[in-house]
Amino acid sequence: MSNTVPAAMAVILSGPSGVGKSTVCRNLFNQLSSTGFSVSCTTRAPRPGEQQGVHYNFVSQEEFAVRRDQGEFLEWAEVHGQFYGTLKSEVFPRLAAGTNVILDIDVQGARQILGNIAGSALVQHFLTVFMAPPSLNALAERLRGRRTEDAAAIQRRLEAGLQELQHWREYDYLLINDNADAAAAALAAIITAAKCRTTMQNKEPWL
Ligand code: 5GP
């Protein structure tokens with residue numbers, strides 16, 4: 001990173017489907033300036049209300065494969081039978097410009113990124129946060145309340161969520177989302193604190 005732009009963090013945010021990552025991120029963007037969302041590519045169909053280029057870049061299986069083979073993804077994974085991938089172009093230009101970026105990705109994707117950046121100067125710009133529900137009942141209720149998936153898809157997501165929850169210890173921070181405002185405030189605090197690490201500083205403005 002250039003030493004003329006402010007330090008920025010890339011936050012890998014994982015947690016079971018339905019735990020409220022999108023809502024918490026929306027609240028976060030209201031609380032913390034210079035923070036954006038990495039819009040992933042996915043082969044899954046848009047849910048009602050989801051917009052192309054805002055929530056995801058919705059692409060065909062063929063386009064996904066081409067972009068993967070061209071090396072456009074920082075990581076990619078198959079989740080719930082569909083492909084998802086993080087574009088390098090969503091992450092690195094933002095970090096270079098001093099903008100924080102949130103990556104809502106699953107555990108496999110988080111591991112891939114950490115593996116890819118291990119030993120590089122990028123490591124200090126990445127932090128990992130796992131978001132968990134206050135209870136399994138709350139998670140099931142949220143998935144059902146969303147009314148965007150049929151019963152079989154909800155069941156699949158709940159089972160995958162249970163698997164995903166087992167990995168929270170692999171992350172730097174655990175955030176229990178029992179209130180979206182409080183969770184967003186905690187996330188903002190985590191990012192702000194990370195940016196104050198002495199290892200993130202490259203200027204001595206008092207000189
Ligand atoms: P949903 O279909 O509910 O939007 O997302 C399903 C799961 O895919 C979530 O756990 C989400 O974190 C994960 N996901 C979304 N985008 C990406 C991505 O670019 N890469 C990976 N590895 N997972 C993603």
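Let's start at the seam: across the interface of domain 1 and domain 2 in this predicted model, the salt-bridge rule finds zero hits. What the interface does have is polar contacts, with five residue pairs counted between domain 1 and domain 2, both partners at pLDDT 80 or more.

Which elements give two or more residues to the side of domain 1 that touches domain 2? They are strand β7 (100–104) and two helices, α4 (107–117) and α6 (151–165). Helix α4 brings the largest share of that side, with five residues. Sort the domain 1 side by class and you get seven nonpolar, seven polar and four charged residues. So there are charged residues on that side of domain 1, yet zero salt bridges across the interface under the rule used here.

Now step back to see what is being joined. The domain assignment splits the protein into domain 1, made of 1–38 + 99–196, and domain 2, which covers 39–90. Domain 1 is thus written as two segments, with domain 2 falling between them in the numbering. Measure from C-alpha centre to C-alpha centre and the two domains come out 18 Å apart.

How many residues of each domain are in contact with the other? On the domain 1 side there are 18, and they meet 17 from domain 2. The size of an interface is often given as the accessible area lost when the parts come together. For this pair, the buried area is about 1,400 Å², and carbon and sulfur atoms give 51% of that. Three residues stand out on the domain 1 side: S38, Q112 and R157 supply 32% of the area that domain 1 buries against domain 2, more than any other three residues.

That leaves the ligand. It is surrounded by 19 residues, and the closest are S40, R44, Y56, Y84 and D104. Take D104 to begin with: an N or O atom in its side chain sits 2.6 Å from a ligand oxygen. The side chain of R47 also places an N or O atom by a ligand oxygen, here at 2.8 Å. With G85 the backbone is involved instead, as one of its N or O atoms lies 3.2 Å from an oxygen atom of the ligand.

Methods: Residues numbered from 1 in each chain as written. Predicted model: local features only at pLDDT ≥ 70, side-chain atom pairs only at ≥ 80, totals over all residues. Heavy atoms only, no water. Domains from an automatic or database assignment. Contact = heavy atoms within 4.5 Å. Buried area = accessible area lost by both parts, 1.4 Å probe. Salt bridge = Lys/Arg side-chain N within 4 Å of Asp/Glu carboxyl O. Polar contact = N/O pair within 3.5 Å; in protein donor to acceptor, adjacent residues only side chain to side chain. Helix = DSSP H or I, 4+ residues; strand = E, 2+ residues; numbered from the N terminus. Nonpolar A, V, L, I, M, F, W, Y, C, P; charged D, E, K, R; others polar. Near = heavy atom within 4 Å.
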